[in-house]
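Reader: I should be grateful for a close look at a single part of this structure. Please explain how that part is placed among its neighbours.

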Amino acid sequence: MSEVWLLISAGDGPRECEWVVQALNGALSNEAQANGLKWHVVEGTDKPEKSKLIRVEGGGAGKFARSVSGSMKWIGQSPYRPYHKRKNWFVGVYELPAPEAFADLDVKDISFQTMRASGPGGQHVNKTDSAVRATHMPTGLQVTAQAERSQHANKRLAILKLMLIMAEKADASLEAGKMTAWRKHHLLERGNEIRTYVGERFKLKKGP
């Protein structure tokens with residue numbers, strides 16, 4: 001697999017978990033690049049936030065994504081509340097289906113409108129109509145995508161963002177396997193972490 005999508009999410013965690021999302025993004029980015037992969041933050045900023053949408057590219061991207069998917073624990077003092085007693089903070093990393101692989105969302109139900117990209121993004125910004133506004137006609141849900149450099153890529157990103165929103169709004173009675181993977185970022189498995197990081201420098205803990 002040469003391309004995979006990942007979601008790093010703090011779920012419903014506090015502000016400290018947003019800091020962990022930011023630190024984990026940096027750690028996994030370095031690890032991916034050390035393995036010859038490209039790590040691209042598609043949706044997200046350089047500041048702590050609830051989630052980041054990542055695209056990983058290169059030979060072995062799928063294997064790498066599977067190796068880092070799951071709950072992650074950080075052991076450390078809150079960077080915002082120095083006297084807080086809690087020392088364990090959890091975030092999740094989840095591999096997402098490619099936009100075109102999600103059968104429950106019919107592209108025919110989506111209306112696309114192109115527009116000029118705005119803000120940071122390189123020379124193409126404000127020169128080409130690469131940004132996309134996507135509206136899911138049956139529900140009225142609307143998203144915009146301009147992080148990618150081509151209109152085609154932004155359409156794929158917009159579809160993915162619609163899927164995430166629809167998953168968050170999905171009823172809990174949906175059949176297992178339909179949107180379960182998309183809703184996991186609200187259900188972090190605390191105590192079942194696959195990795196543990198420690199301290200302000202966010203060092204990976206080796207061994208038990």
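**Strand 3 and its surroundings**

Author: In this predicted model, the bridge partner of Val4 in strand 3 is Val56. This pair belongs to a wider arrangement, in which strand 1 (residues 3-9) and strand 3 run antiparallel and are joined by seven bridges. Strand 3 is also joined to strand 2 (residues 38-43), again in an antiparallel manner, through five bridges. In that second pairing, Leu53 of strand 3 stands opposite Glu43.

Strand 3 itself covers residues 51-57, and five of its seven residues are buried, so that the strand is mostly covered. Val56 deserves particular attention. Leaving aside residues up to four places away in sequence, Val56 touches Ser2, Glu3, Val4, Leu6, Leu37, Lys38, Trp39, Ala61 and Phe64.

Val56 also has a place in the largest nonpolar core, which has 27 residues; Leu24, Trp39 and Val56 are those with the most contacts inside it. At least two residues of this core come from each of strand 1, helix 1, strand 3, helix 2 (61-68), strand 4 (70-75) and strand 5 (88-96). The greatest share is that of helix 1, which gives eight residues. In soluble globular proteins, nonpolar side chains tend to be buried together.

Helix 1 spans residues 15-34, and its 20 residues reach 29 Å from the first C-alpha to the last, close to the 28 Å expected. Among its buried residues are Trp19, Val20, Val21, Leu24 and Leu28. Just after helix 1, Gly36 takes a positive phi of about 75°.

Technical notes:
Residues numbered from 1 in each chain as written. Predicted model: local features only at pLDDT ≥ 70, side-chain atom pairs only at ≥ 80, totals over all residues. Heavy atoms only, no water. Helix = DSSP H or I, 4+ residues; strand = E, 2+ residues; numbered from the N terminus. Expected span 1.5 Å × (residues − 1). Buried < 20%, exposed > 50% of the residue type's maximum accessible area, 1.4 Å probe, protein only. Pairing = 2+ DSSP bridges. Core = buried A, V, L, I, M, F, W, Y, C linked by side-chain atoms within 4.5 Å. Contact = heavy atoms within 4.5 Å.
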